[in-house]
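Here is a friendly note to help you find your way around a structure you have not met before. Please keep the 3D view open as you read.

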Amino acid sequence: MTTMPRVTERQFQANVRRVLDMAGWLSFHGWTSVFSPAGYPDICAVRGDRLLFAELKSATGKLSPAQITWLDALAEVPGVEVYHWKPDDLEEAGRILYARDRPVETPRTSWAAQRPKKEAP
């Protein structure tokens, strides 16, 4: 049995950026996070009346507290789409990115569906 090679976060980002380009999105991905605020999402993209932010991780990558803070804040903005994608999510990400309109149902990779439960005080 052959195992698939693990996709790095950098490789996954390149794949998502290709899909963004093919689907007609105008997107930004910082070359290096050194000059970005801590936790700022990997992808910011716009197409028509859709604005999307996505944090991309490798299959084993974990979100930092700063990334969670950014995703939470962006998810509060009406109409903004916020996602957390891993390599196994590429097919769903493609469906979302090729869709003409914002998904009616909340995709399993949306931040609303994935947000870690907040601990009670």
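The points below go through confidence, the sheet and the helices.

1. Please remember that this is a predicted model. The protein chain has a mean pLDDT of 86, and 88% of its residues reach 70 or more. Confidence is highest in β2, at 96, and lowest in helix α4 (residues 111–114), where the mean is 79.

2. A good place to start looking is the open sheet, whose four strands come in the order β1-β2-β3-β4 with mixed pairing. At its edges are β1 and β4, each pairing on one side only. From one strand to the next, the twist averages 20°.

3. Now look at β1 and β2, which run antiparallel and are joined by three bridges. Ser27 has Ala45 in β2 as its bridge partner. Against the sheet packs α3, which touches β2, β3 and β4 and makes an angle of about 160° with the direction of β4.

4. Helix α2 (residues 65–75) lies across β3 and β4, and runs at about 150° to β4.

5. Helix α1 covers residues 9–22 and reaches 20 Å from first C-alpha to last, close to the 20 Å expected. Its buried residues are Phe12, Gln13, Val16, Val19 and Leu20. They line one face of the helix, because seen down the axis of α1 they fall within an arc of 125°. Their cover includes β1, β2, β3, β4 and α3.

6. Which exposed residues sit on the face of α1 turned away from its buried side? They are Arg10, Asp21 and Met22. Just after α1 comes Gly24, with a positive phi of about 85°.

How values were computed. Residues are numbered from 1 along each chain as its sequence is written. This is a predicted model: local features need pLDDT of at least 70, side-chain atom pairs count only at pLDDT 80 or more; totals for chains, interfaces and linings use all residues. Side-chain values use heavy atoms; hydrogens and water are left out. Helices (H or I, at least four residues) and strands (E, at least two) are DSSP runs, numbered from the N terminus. The expected span of a helix is 1.5 Å times one less than its number of residues. Buried means under 20% relative accessible area, exposed over 50%, partly exposed in between (1.4 Å probe, protein chains only). The arc is that of the directions from the helix axis to the C-beta atoms. Contact means heavy atoms within 4.5 Å. pLDDT is the predictor's confidence in each residue, from 0 to 100. Two strands pair if DSSP finds at least two bridges between them. Axes are lines fitted to C-alpha atoms, for helices over the stretch in contact, and angles run from 0 to 180 degrees between N-to-C directions.
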